[in-house]
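The following exercises concern one protein model. Each task is followed by a solution that proceeds step by step.

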Amino acid sequence: MKVTDVARMIRPAQWLKNLMLFFPPFLGGYFINPELLLRGVAPFVAFCLAASSTYVLNDLCDRENDSHHPKKKLRPIASGRVTSAAAAVFCLALLVPALLLAVGVSAGFTALLLAYLAISALYSLKLKEIPVVDLFCISSGFLLRLQAGGEVFGVVISQWLFLSVFLLSLFLSTGKRLGESTSLGSVAGAHRRSLKLYPEGFLDGVLVLSGAAVLVTYTMYVITRHALVYTVILCCFGLLRFIFRVKSGMGGDPTESLLKDRQLLAVSVAWTLMVSWIVYR
C-alpha cells in the first residue's frame, strides 16, 4: 500500500470539519487559556482517526458506484490498487486508536463519537440511498462534533448556535448533492441512487431554504452579542458565494470549496479575525 494511496483514503483535507470541536470554546471566549486548548488535542485526533475510518468504509461500500464517477474511479479501492481486505484491516487500524483516545477523554465524548461512527456506518451501508435521510446523516456529523466540543471544554451549546450549525450543515450537504447531480448529469443515478430519486428542483429549493434559515438563526445567535451582529454580512456573502459555486457547476464539496475558492477562503478568514477581535479584545 503506497503512501499516496493511504493519503487518498484517509482524506486529511476533510479533517478541517473536526475544527468544529473548537467552535464552543472559541465563540465562548476561552481561547486565551492554553491549558484548556490542550484538552482538545486528543479529542481532535480521535475524531480525525474516526472520520478517516468512515471514509475507508464508505469507499469500500462504494467501490462499484465510484467506477461510474469521473474522479472517484481513480480512488485506491475503486481502481483496485488497494484490495478490499487490506482496506478493511486499515479501517480497523484507524478505528481502534480513535476509540482508545475517546475513552481516555470522557464517557460523554465516547458516546458522541460512537454515535458518529454508528450513523456514518449506516449511511455508508444503506442510508445514503434514501433521499432527505442522506442529507440529515451528513448534517448529524457536524452536530455531533459541535456537541463533542461542548462536552470536552465544558461549554453549554446555546439553542441558536445549535440550530445555526444544523441548518448550515444541511445547507452544505444539499450543496454537495446538488453539485454531484450537476457535474454527473445523466449518469448521476448510476453513481448515487438517491440522486435519481430527488424530484427536479427539490435540491435547489432546499439549498435556498436552508441558506435563508441559516441567516435567521445566526442573526438571532449574534444579535444579543452586540458587535458580532456585523459578522452577519460576512455570513451572507459566504452563503451566496457557495450557492453561486454550486449553480455554476464549480462543485459543492464544502471542504474543497473552502480550500480552492479564494473568495470563500477570504471571507472565512475575515469572519474568524472579526469574531476574534470582538470576543477577545
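**Exercise 1. Determine what share of the contacts in the protein between residues at least 6 apart in sequence joins residues at least 24 apart.**

Step 1. A contact means heavy atoms within 4.5 Å. Step 2. Of the contacts between residues at least 6 apart in sequence, 73% join residues at least 24 apart. Step 3. The conventions are as follows: the model is predicted, local features need pLDDT of at least 70, side-chain atom pairs count only at pLDDT 80 or more, and totals for chains, interfaces and linings use all residues. Residues are numbered from 1 along each chain as its sequence is written, and side-chain values use heavy atoms, with hydrogens and water left out.

**Exercise 2. State how many helices and strands the protein has, and compare its radius of gyration with that of a compact globule.**

Step 1. Helices (H or I, at least four residues) and strands (E, at least two) are DSSP runs, numbered from the N terminus. The assignment gives 15 helices and 0 strands.

Step 2. The radius of gyration is taken over C-alpha atoms, and the globule rule is 2.2 Å times the number of residues to the power 0.38. For 281 residues a compact globule would have a value near 19 Å, and the 19 Å of the protein agrees with this. The C-alpha trace spans about 55 × 45 × 30 Å along its principal axes.

Step 3. Accessible areas come from the Shrake-Rupley method with a 1.4 Å probe; for residues, only the protein chains shown count as cover. The accessible surface is about 13,600 Å², and carbon and sulfur atoms hold 70% of it. Buried means under 20% relative accessible area, exposed over 50%, and partly exposed in between (1.4 Å probe, protein chains only). Of the 281 residues, 46% count as buried.

**Exercise 3. Identify which elements give two or more residues to the largest nonpolar core.**

Step 1. A nonpolar core is a set of buried Ala, Val, Leu, Ile, Met, Phe, Trp, Tyr and Cys residues joined through side-chain atoms within 4.5 Å. In soluble globular proteins, nonpolar side chains tend to be buried together.

Step 2. The largest core has 36 residues, and those with the most contacts inside it are Leu27, Leu161, Val165, Tyr218 and Trp271. The elements giving two or more residues to this core are α2, α8, α9 (159-184), α12 (202-222), α13 (231-247) and α15 (262-280). Helix α9 supplies the largest share, 8 residues.

Step 3. A second, separate core has 20 residues, including Phe22, Ala46, Ala50 and Leu144.

Step 4. Beyond residues up to four places away in sequence, Tyr218 touches Ser164, Thr231, Val232, Cys235 and Trp271.

**Exercise 4. Count the aromatic pairs and classify the pair of Phe22 and Phe31.**

Step 1. Rings of Phe, Tyr and Trp (its six-membered ring) pair if their centres lie within 6.5 Å; planes under 30 degrees apart count as stacked, over 60 as edge-to-face and the rest as tilted. The count by this rule is 12 aromatic pairs. In one of them, Phe22 and Phe31 have centres 6.5 Å apart and planes at 80 degrees, an edge-to-face arrangement.

Step 2. Phe22 is buried because its relative accessible area is 16%, whereas Phe31, at 31%, is partly exposed. Both belong to one aromatic cluster, formed by Phe22, Phe23, Phe26, Phe31, Phe44, Phe153, Trp271 and Tyr280.

Step 3. A charge sits over a ring if NZ of Lys or CZ of Arg is within 6 Å of the ring centre and within 35 degrees of the ring normal. The charged end of Arg145 sits over the ring of Phe142, 5.9 Å from its centre.

**Exercise 5. Locate Arg11 and Val132, and give the sign of phi for Arg11 and for Val132.**

Step 1. Most residues other than glycine have a negative phi. Step 2. Arg11 lies in the loop between α1 (3-10) and α2 (23-28) and has a positive phi of about 50 degrees; at a relative accessible area of 17%, Arg11 is buried. Step 3. Val132 lies in the loop between α7 (107-125) and α8 (133-153), and its phi is positive, near 70 degrees. With 33% relative accessibility, Val132 is partly exposed.

**Exercise 6. Which residues does Ile119 touch, not counting residues up to four places away in sequence?**

Step 1. Ile119 lies in helix α7 and is partly exposed at 28% relative accessibility. Step 2. Ile119 touches Cys137, Ser140 and Leu144. Step 3. Ile119 and Cys137 are 18 residues apart along the chain, and their C-alpha atoms are separated by 6.7 Å.
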